Amino acid sequence: MAVVMKQRGYLAEAIDAVKSLRHLCPRQSQESLDNILLDLYKASGRTKEEIELLKHKLRKIYLGEAFHGKATKRARSHGRKIHVSVRQETSRVLGNLAWAYMQQRNYMAAEVVYRKAQMIDPDANKACNLALCLIEQSRLADAEVVLGDVLAGRYQARDQQDGKIVRKVEELLARIMARTSPPGGGRAGDDGRRGDDDDWVENEMLALLDVAVKQWAAPYRKSNRRLPVFEEISPICREQMAC
């Protein structure tokens, strides 16, 4: 019903329908309902709610609740059935979260999340988005380095979209060339300002960066162990880290 309402343009009504009726649906369908809500939030420009739901999906991953405790799930991509691992799903959700931050023009937060997504499961598309994020912060040299890695084949292109990736890289390089002519290309101005979510990004991701990467080396299993990259840090812990 929500999908039909979305097709007819009743986005707000579709969101209300999913929220009010989802408690009647079985547990196995909750992930699908989350994905429908994410599409509706994105289509209606409700970025703040989209970000909160993406964070909720990340919390489910670090609690071991993703894929109902399994290491992989079956999905469809361009009509093909594929197996998606927890690692791939985490990187995908992080990429969506970073893009949502981009829509808020919170480029500092977007950059950190993109870099974490690339450390978990790198691909060329997210690398291009990271380069775009750096361009928006006027960090053109850093963006060129990322795009150079893409052209050098250091990232895998998903779903055989290599041609699209090359065109995207060319477009971004053209933007860099257009912005290199004015003198004094400094770092981020107002567009790189800090937002309300920067504390969440820095505390939950940057401070525990090295530990999180090591955790991914171990095989996934459902347990009480939380992935540090998504750890909800209490005020006491934040004070300890500040010291």
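The expected span of a helix is 1.5 Å times one less than its number of residues. Helix H7, residues 124–136, has 13 residues and should therefore span 18 Å, which agrees with the 19 Å between its end C-alpha atoms. The structure discussed here is a predicted model. The protein has 243 residues, of which 40% count as buried, and it contains twelve helices and two strands.

**Overall organisation**

- Along the sequence, the elements follow the pattern α-α-α-α-β-β-α-α-α-α-α-α-α-α.
- Of the contacts between residues at least 6 apart in sequence, 63% join residues at least 24 apart.
- The protein exposes about 13,800 Å², and carbon and sulfur atoms supply 52% of this area.

**Helix H7 and its ends**

- Helix H7 is mostly covered, with twelve of its 13 residues buried.
- Among the buried residues of H7 are Ala 124, Cys 128, Leu 132, Cys 133 and Ile 135; the charged residues Lys 126 and Glu 136 are also on the buried list.
- At the N-terminal end of H7, Asp 123 acts as a cap: one of its side-chain oxygens lies 2.9 Å from the backbone nitrogen of Asn 125.
- Just after H7, Ser 138 takes a positive phi of about 65°, although Ser 138 is not a glycine.
- Ser 138 belongs to the loop between H7 and helix H8 (140–151), and its relative accessible area of 23% makes it partly exposed.

**Helices H4 and H5**

- Ser 91 is part of helix H5, residues 86–103.
- Ser 91 counts as buried because its relative accessibility is 0%, the cut-off for burial being under 20%.
- Apart from neighbours within four places in sequence, Ser 91 is in contact with Ala 117, Ile 120, Asp 121 and Lys 126; of these partners, Lys 126 is itself a buried residue of H7.
- Lys 48 is located in helix H4, residues 47–62, and is exposed, with a relative accessible area of 65%.
- The C-alpha atoms of Lys 48 and Ala 100 are 8.2 Å apart in space, while the two residues are separated by 52 residues in sequence.
- Following H5, Arg 105 is found in the loop between H5 and helix H6 (107–120).
- The phi of Arg 105 is near 60°, a positive value in a residue other than glycine; at 36% relative accessibility, Arg 105 counts as partly exposed.

**Salt bridges**

- Side chains of opposite charge can pair when their charged atoms come close.
- A search of the whole structure finds ten salt bridges.
- One of the salt bridges joins the side chains of Glu 49 and Lys 19, with an N to O distance of 3.4 Å.
- That pair links distant parts of the chain, since Glu 49 is in helix H4 and Lys 19 is in helix H2 (residues 11–21), 30 residues apart.
- Both partners are partly exposed: Glu 49 has a relative accessible area of 28%, and Lys 19 has one of 41%.
- Arg 22 forms a salt bridge with Asp 34, and the closest N and O atoms are 2.8 Å apart.
- This second pair also links distant parts of the chain: Arg 22 is in the loop between H2 and helix H3 (30–44), and Asp 34, twelve residues away, is in helix H3.
- Arg 22 and Asp 34 are both buried.
- The side chains of Arg 154 and Asp 149 meet in a further salt bridge, at 3.0 Å from N to O.
- Arg 154 is exposed, with a relative accessible area of 59%, whereas Asp 149, at 22% relative accessibility, counts as partly exposed.
- Glu 111, Arg 115, Arg 139 and Asp 142 are joined into one network by salt bridges that share partners.

**Nonpolar surface patch**

- A nonpolar patch on the surface is formed by Met 1, Leu 21 and Leu 24, which together have about 350 Å² of accessible area.
- Met 1 is located in the segment before helix H1 (2–7).
- Met 1 counts as exposed because its relative accessibility is 64%, the cut-off for exposure being over 50%.

Technical notes:
Residues numbered from 1 in each chain as written. Predicted model: local features only at pLDDT ≥ 70, side-chain atom pairs only at ≥ 80, totals over all residues. Heavy atoms only, no water. Patch = residues over 30% accessible without salt bridge, like charges linked within 9 Å, V, L, I, M, F, W, Y side chains within 5 Å. Areas by Shrake-Rupley, 256 points an atom, 1.4 Å probe, with all protein chains shown as cover. Salt bridge = Lys/Arg side-chain N within 4 Å of Asp/Glu carboxyl O. Helix = DSSP H or I, 4+ residues; strand = E, 2+ residues; numbered from the N terminus. Buried < 20%, exposed > 50% of the residue type's maximum accessible area, 1.4 Å probe, protein only. Polar contact = N/O pair within 3.5 Å; in protein donor to acceptor, adjacent residues only side chain to side chain. Contact = heavy atoms within 4.5 Å.
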